[in-house]
Amino acid sequence: MTETSRYTSLTPSGFGSELGEVDLARLDEAMVKEAVDAFHEAGGLVVLRNQGHIDPARLRRFVTRFGTPEGNEKYDPAFLVSGFPDILRIGNAKENEKYTALFIQADPPPLLWHMDDSFRHPQPIGSCLFCVRTPPEGGETGFAGMTAAYEDLPDDVKARIDSIRTVHSYNHLNELLRKKNPHRPPLSEALRAQFPPIVRPLVARHPETGRKSLYLPLCHIESVEGMSPAEGSALLNDLQVHATGEDYTYMHRWRPGDLVVWDNRCTLHAPTPFDDTRYERLMYRLTFSGRQIAGF
């Protein structure tokens, strides 16, 4: 990590910033602007610690500076923070033997690097996680910076991939997940009709910063236009190996009061498992919408 003023860079490439000496309970304009600027300058990831004293109202108000919070109509209302339908509780918290949060246990490595919902349009442009409780081991979240990864590619590789388009498919993702979980049902005809495959650029230009990045949620990509399955798979796998290398990735070890905001347009993320038979984990998640990537 390197430090510049109140920013601490989280990776050798400069992707990700931890912003120190911040109190979200105050939410003064200068502090909020600093956090948003750090978010964009560091390629779409900002970490704020020691915020355990803030309430859901201040958390939501802060997130509105990054985008418009989305609803959670598709989730059980019991999983939402009372009075805040856009704040989803995630984890294995229970009351009277019933889950009070959405619990999806992560698979062991290899990590499932992804951008949320790239198979739908409009796509959520970002999310945040706020840590309420966390286990002493496991349950980390990985982040990978696609802007820095793209900018470090050789010029001939950039020239080759800049105009390539890929097909993103919810059904492709679901079938991939079914290989690890055979009890997961096939996608219904209704969902397949609601989320048909869509075409997106492999290299996307960010609508706020103007910088190019790899648009590489590999688990969502069904095919590469103009390439055979073998050729397309080889290209995407090579790019992901590069983009998730140690120069561009940050593994966040959670502490209560941590708040992490990431840009879904230029950042991959991946969960890791924890022992849910021994430990409890509870997070608040807000997902937000806004300006879509260019080139779609």
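Helices are DSSP runs of H or I with at least four residues, numbered from the N terminus. In this predicted model, helix α5 covers residues 170-180, and N171 has its place there. N171 has a relative accessible area of 18%. The cut-off for buried is under 20%, so N171 counts as buried. Leaving aside neighbours within four places in sequence, N171 is in contact with L187 and R192.

A second buried residue is H220, which sits in the loop between β15 and β16. Its relative accessibility is 3%, and because this is under 20%, H220 is classed as buried. What does the side chain of H220 reach at 3.4 Å? The partner is the backbone oxygen of M115. The contacts of H220, again without the neighbours within four places in sequence, include a run of residues made up of H114, M115, D116, D117, S118 and F119. Further contacts of H220 are V167, H168 and S169, together with H172 and L173.

The next topic is empty space inside the protein. Rolling a probe the size of a water molecule over the atoms shows where empty space is left. How many cavities of 30 Å³ or more does the count give? The count comes to one. The largest cavity has a volume of about 50 Å³. Its lining is formed by H40, G43, G44, T147, H206, T209, R211 and C266. Sorted by kind, the lining residues of the largest cavity are six polar, one nonpolar and one charged. Cys counts as nonpolar and Arg as charged, while Gly is placed among the polar residues.

Charged side chains lead to the salt bridges. The structure holds 18 of them. In one of these, D28 pairs with R26, and the closest N and O atoms are 2.7 Å apart. D28 has a relative accessibility of 26% and therefore counts as partly exposed, since this class lies between the limits of 20% and 50%.

Another salt bridge brings together the side chains of D162 and K212, at 3.1 Å from N to O. This pair links distant parts of the chain, with the two positions 50 residues apart. D162 belongs to the loop between α4 (155-161) and β12 (165-168), whereas K212 belongs to strand β15 (residues 212-214). D162 is partly exposed, at 28% relative accessibility. K212 is partly exposed as well, at 26%.

A further salt bridge joins E225 to R165, with the closest N and O atoms 3.0 Å apart. Where in the chain are E225 and R165? E225 is in the loop between β16 (221-224) and α7 (229-243), and R165 is in strand β12. The two residues are 60 residues apart, and the pair links distant parts of the chain. E225 has a relative accessibility of 37%, which means that it counts as partly exposed. For R165 the value is 42%, and R165 is also partly exposed. Salt bridges can also share partners: E18, R49 and D258 are joined in this way into one network.

The backbone has some features of its own. The peptide bond from P109 to P110 is cis, and its omega is near 10°. P110 has its place in the loop between β9 (98-99) and β10 (126-133). Which residue is joined to P122 by a cis peptide bond? The residue is H121, and omega of this bond is about 0°. P122 lies in the loop between β9 and β10.

Phi angles give two more cases. Phi of N50 is near 60°, which is a positive value in a residue other than glycine. N50 is in the loop between β4 (45-48) and α2 (56-63). Is N50 buried or exposed? Its relative accessibility is 56%, and because the cut-off for exposed is over 50%, N50 counts as exposed. N96 likewise has a positive phi without being glycine, with a value near 55°. The loop that holds N96 runs between β8 (94-95) and β9. With a relative accessibility of 75%, N96 counts as exposed.

Methods: Residues are numbered from 1 along each chain as its sequence is written. This is a predicted model: local features need pLDDT of at least 70, side-chain atom pairs count only at pLDDT 80 or more; totals for chains, interfaces and linings use all residues. Side-chain values use heavy atoms; hydrogens and water are left out. On a 1 Å grid over the protein atoms alone, a cavity is a set of points where a 1.4 Å probe fits but cannot get out, and a pocket is an open set with protein on both sides within 12 Å along at least five of seven lines; lining residues have an atom within 4 Å of a point. Grid points are joined across faces, edges and corners, and a volume is the space filled by probe spheres set on the points. Buried means under 20% relative accessible area, exposed over 50%, partly exposed in between (1.4 Å probe, protein chains only). Contact means heavy atoms within 4.5 Å. A salt bridge is a side-chain nitrogen of Lys or Arg within 4 Å of a carboxyl oxygen of Asp or Glu. A polar contact is a pair of N or O atoms within 3.5 Å; within protein, one must be able to donate a hydrogen and the other to accept it, and residues adjacent in sequence count only if both atoms are side-chain atoms.
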